[in-house]
Amino acid sequence: MKKTYISPLMTEVNVEAEQMLAVSVKMSDSRYKMSIVIPVYGVERYIRQFAESVLGQTYDDIQFVFVNDGTKDRSMQVLDELVSEKFSHLRHRIVIVDK
C-alpha cells in the first residue's frame with residue numbers, strides 16, 4: 001500500500017508502507033534522540049551540499065535516514081560517494097531506504 005507524504009520542500013514522496021515501517025523500526029533505536037528523514041528524488045544538483053551540511057552537525061545523538069523514492073538521476077550515487085569520501089565515520093548513524 002502506497003502512502004503519500006509531503007516533504008518540507010513541498011514535493012510529494014510516495015513510500016511503500018513496508019518501507020515506512022522499516023524506517024520506523026530503525027528510527028526507534030534508543031541510541032538516538034533525533035532522527036532526520038530526508039526524501040531523495042531528483043536532487044542530484046543539491047544532495048552533496050545538503051548532505052555535507054546535515055552530516056556535518058556536531059550533535060552526536062542524530063540518526064540520518066535518506067529515503068530513495070525511485071529517483072532516476074544520480075542522487076543516491078552522489079550521496080554514497082560523499083559518505084565514503086568524507087563521512088565514513090558516521091556510517092553507523094546513516095540509514096538508506098532504497099526503493
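User: Leaving aside its neighbours within four places in sequence, which residues is Leu55 in contact with?

Analyst: This is a predicted model, where local features need pLDDT of at least 70 and side-chain atom pairs count only at pLDDT 80 or more, while totals for chains, interfaces and linings use all residues. Residues are numbered from 1 along each chain as its sequence is written, and side-chain values use heavy atoms, leaving out hydrogens and water. Contact means heavy atoms within 4.5 Å. With those sequence neighbours set aside, the contacts of Leu55 are Phe64, Phe66, Val83, Phe87, Leu90 and Ile94.

User: Which element gives the most residues to the largest nonpolar core?

Analyst: A nonpolar core is a set of buried Ala, Val, Leu, Ile, Met, Phe, Trp, Tyr and Cys residues joined through side-chain atoms within 4.5 Å, and buried means under 20% relative accessible area (1.4 Å probe, protein chains only). The largest one has 18 residues, and Leu55 is among those with the most contacts inside it. Two or more residues come from each of β3, α2, β4 and α3; these labels are DSSP runs numbered from the N terminus, helices being H or I with at least four residues and strands E with at least two. With five residues, the element that gives the most is α3.

User: How far apart are the end C-alpha atoms of helix α3?

Analyst: The expected span of a helix is 1.5 Å times one less than its number of residues. Helix α3 has twelve residues (75-86), so it should span 16 Å, and the model agrees: its end C-alpha atoms lie apart by 16 Å.

User: Where do the buried residues of α3 fall, seen down its axis?

Analyst: They are Ser75, Met76, Val78, Leu79, Leu82 and Val83. The arc here is that of the directions from the helix axis to the C-beta atoms. These residues fall within 160 degrees, so they line one face of the helix.

User: How many residues of β4 are buried?

Analyst: Let's take the strand side by side. Ile62, Phe64, Phe66 and Asn68 are buried on one side, and Gln63, Val65 and Val67 on the other. The strand is therefore largely enclosed by the rest of the structure, its buried count being seven of seven.

User: Which strand pairs with β4 over seven bridges?

Analyst: Two strands pair if DSSP finds at least two bridges between them. β5 pairs with β4 in the parallel sense over five bridges, with Val95 as the partner of Val65. On β4, Phe66 is the bridge partner of Ile38. The parallel partner with seven bridges is β3.

Technical notes. Buried means under 20% relative accessible area, exposed over 50%, partly exposed in between (1.4 Å probe, protein chains only).
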